[in-house]
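Trainee: Could you take me through one part of this protein's surface in detail, and then show me how a buried spot compares? I would like to know how far to trust what I see.

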Amino acid sequence: MENTRRNAAMQESRIDYGVILPVFLLCIIGLASLYVALSQDPAKPNVIRGVGFQALWYVLGIGAIIVIMHIRAKVLWKLTPIIYGAGLFVMAILLKFYDRSIAAVTGSKNWFAFGSFTLQPAELMKIAYILMLALVVTQHNGRHRKRTLESDGQLIAKMLAVTLPVLVLILLQKDFGTMLVFLAIFSGVFLMSGISWKIIIPVFAVMAIFGGILIFLVLSESGRNILYHMGFKPYQFARIDSWLDPFHDLQGSSRQVASSIAAIASGGMFGKGFNVSDIYVSVRESDMIFSVIGENFGFIGSTLVIVLYFMLIYQMIRVCFDTNNEFYAYISTGIIMMILFHVFENIGANIGLLPLTGIPLPFISQGGSALLSNLIGIGLILSMRYQSTNPYSHLEG
């Protein structure tokens, strides 16, 4: 009996409640916000059905977390190339079997549809990509303990080799927002991989110059003509114009952003109260869910949500530094960058600081694919503490 209690206590101590608590609270806020968004929709969708489906995805995500927590690092290491390869295969066949009706509305070929059920493979591909990138960096660093510029160059080539196929498929799907998430993940792992600053500084200098040129092209008429011939679409320019001046076309392209800003501002300090909405914001249940939080719960409620995200990021960083497993450390880096970029871009777009890119707010926005991807990421973070007995030295055995 005493051994049973001791084992139970040991199991309990391996569960990181510092990560679980903010995720749980964000999920509760997500269900409440989704209920408001759907109940205030002029189209009058089935609110119970919509909230019920989201709750079902939460349950599936919790199940995925439990399973992932029990997967040993050595097993995950061996499964990673298979998961990555399967992800690329699904992304490739999506180019042929994407849902035409969704593509006609969004311009992106990034959804499967099975009746009323839809799936966005790119969301789950983020996890497969993080795993593969972590594996590549860990393998390389294990074989090159003495770092040189040559070995760093080889590592960059390996990282690009697993990144470029994903980016090409994303570009073919015309999903610019998702491509930015993959680039953010790559940047985070790139910085943490131990590559010499003699390489990092010139790389980021070139990126800064490229970004400056891109901004110049976007802001000038002749530059836009160049970008248009390079494949940029009118709706992408419209989103940029709405970012530069959210109130320039209130009946057209900037209506969504302007409405979101107005809804958040109207919430004041404490909000209008639960399920009260005077300003309609299109697609508020997914990309614009933060406008619901701002209008209903005001500055205080919005700040609480941001604080919960900071708490979660802090707890994940702590787990990353506590782990003695290099493979896990790079996985956590990728997951942190994925969630952080989602939060930064979504909230920034809702308040007019950043252009709209269709990126959902983690654990809150409606959407099963993104929610499941984020919860799988949390499962991987939790497994680092739960599987803390698995050292790096055992990975390549």
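Mentor: Happy to! Let's start at the surface, where Leu-21, Phe-24, Leu-25 and Ile-28 make a nonpolar patch of about 360 Å². Patches take residues with over 30% relative accessible area and no salt bridge, joining nonpolar side chains (Val, Leu, Ile, Met, Phe, Trp, Tyr) within 5 Å and like charges within 9 Å. A salt bridge is a side-chain nitrogen of Lys or Arg within 4 Å of a carboxyl oxygen of Asp or Glu, and areas come from the Shrake-Rupley method with a 1.4 Å probe, with only the protein chains shown counting as cover for residues.

Ile-28 lies in helix 2 (residues 17-39); helices (H or I, at least four residues) are DSSP runs numbered from the N terminus. An α-helix has 3.6 residues a turn, so residues three or four places apart point the same way. Ile-28 counts as partly exposed, at 44% relative accessibility (buried is under 20%, exposed over 50%, partly exposed in between).

Now for the buried spot: Ile-200, in helix 9 (residues 197-219), is buried, with a relative accessible area of 2%. Beyond four places in sequence, Ile-200 is in contact (heavy atoms within 4.5 Å) with Phe-190, Leu-191 and Ile-195.

As for trust, this is a predicted model: local features need pLDDT of at least 70, side-chain atom pairs count only at pLDDT 80 or more, and totals for chains, interfaces and linings use all residues. Residues are numbered from 1 along each chain as its sequence is written, and side-chain values use heavy atoms, leaving out hydrogens and water. The mean pLDDT (the predictor's confidence in each residue, from 0 to 100) is 86, but pLDDT stays under 50 over residues 389-397. Where pLDDT is low, the predicted coordinates should not be read in detail.

Methods
Helices (H or I, at least four residues) and strands (E, at least two) are DSSP runs, numbered from the N terminus. Buried means under 20% relative accessible area, exposed over 50%, partly exposed in between (1.4 Å probe, protein chains only).
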